[in-house]
Amino acid sequence: MVTATSAAAETIRFGMITTPDHAWSRLMQQFKNTVESSSGNTIRVRESRFAKVRGESSIIELLGRGQLQAAIVAVGSLTTLDPALNGWLMPYQFADTGQLRRAAQRDDAKTMLVGLERHNLVALGYAFSGMRVIMSPAAMASVQDLKGKKVGTFPNDVFYNWYRQLGADPQPIQIQDIRLWFEQEKIDAIDIDLATAVDLQLSTQAPNLMYTRHMAFPGVFVVSRSWWDALTPEQQQVISAAFTQAEQATFAGLEKAEQADLKQLRGEGVSVKTYTEADFNSVPQKLRDFYYGTNERLKRFGMDQP
């Protein structure tokens, strides 16, 4: 058990898959600093390298078994636990980060988090990151050029169906494999966020950016319920407050960080072409309508957005 008054330091081990400049990585670093400082270093926060290599499915399993205490997990990896979470991934559902923040305050969004307790997970809140874009070695003159292309995607069925509707061939991929797969020509493009693209130095392999911002990509800060329930209310408050502080600070700088990453990629020679929902014709609405028909809570969450 973690305790802020124990003589020997206790350790919170966390798992996440993101690169160092990613919003979730920066959030977790601030969380670590705040917890360790507020506890007088009687609580230490350490990343599990094993969990990072194994990926999010392993992270969720370790949390469920109480072998990992905390994590930031993409909602796309939690949709098998609650399909309504797919509502966050609908193409062009959200126009900006402010809309994401407002959506997180809605009752359906909060219900999604509470429902994770059935799977031995306690969600302290959402963690937002940059919007999704597409990068490729060869220039794309239009959305139609995606037809027949092998696109590396996050392993989630919304991603798969999105690219299939565009005539592309989605290839589920882990972050650590992206550069290798480009080298081996296993993929023709990658669905990614700007921070990860900068960290992986993709400007050297995929210098063509389709600046689509077609999909949000929230995560959830979760802790093991069995571990959490063993803490005192005071200990829970220390951890909850540290998350809230770190999340608010990270979110406040999210848009600025995205623009800095875009500027850096341009400076590295990346060609940027901007796309809007209209460039995808009816595909975004068609996919939203399809998923609205699969889950009433998902539909209500989606239709409730301004």
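I started with the surroundings of T19: skipping neighbours within four places in sequence, I find T19 in contact with S25, I175, A195, T196, D199 and L200. Note to self: this is a predicted model.

Where does T19 sit? I traced T19 to the loop between β1 (10-15) and α1 (23-38).

Buried or exposed, then, for T19? I read 9% relative accessibility, and because buried means under 20%, T19 counts as buried.

Next I turned to the sheet. I count five strands in an open sheet, and the order I wrote down is β2-β1-β3-β10-β4, with mixed pairing. At the edges I have β2 (43-47) and β4 (121-127), each of which pairs on one side only. Going from one strand to the next, I get a twist that averages 25 degrees.

I then looked at how β1 meets β3. I see β1 and β3 (residues 70-74) running parallel, joined by two bridges. For a position to click on, I took F14, which stands opposite A70 in β3.

Last, the helices on the sheet. I have helix α3 (residues 56-64) packing on the sheet, where α3 touches β1, β3, β4 and β10 (219-224). I noted about 140 degrees between the direction of α3 and that of β3.

Which strands does helix α11 (residues 233-252) lie across? I find β1, β4 and β10 under α11, and I noted that α11 runs at about 20 degrees to β4.

Back to β1 for a wrap-up: I have β1 touched by α3, crossed by α11, and followed by the loop that holds T19.

Methods
Residues are numbered from 1 along each chain as its sequence is written. This is a predicted model: local features need pLDDT of at least 70, side-chain atom pairs count only at pLDDT 80 or more; totals for chains, interfaces and linings use all residues. Side-chain values use heavy atoms; hydrogens and water are left out. Helices (H or I, at least four residues) and strands (E, at least two) are DSSP runs, numbered from the N terminus. Buried means under 20% relative accessible area, exposed over 50%, partly exposed in between (1.4 Å probe, protein chains only). Contact means heavy atoms within 4.5 Å. Two strands pair if DSSP finds at least two bridges between them. Axes are lines fitted to C-alpha atoms, for helices over the stretch in contact, and angles run from 0 to 180 degrees between N-to-C directions.
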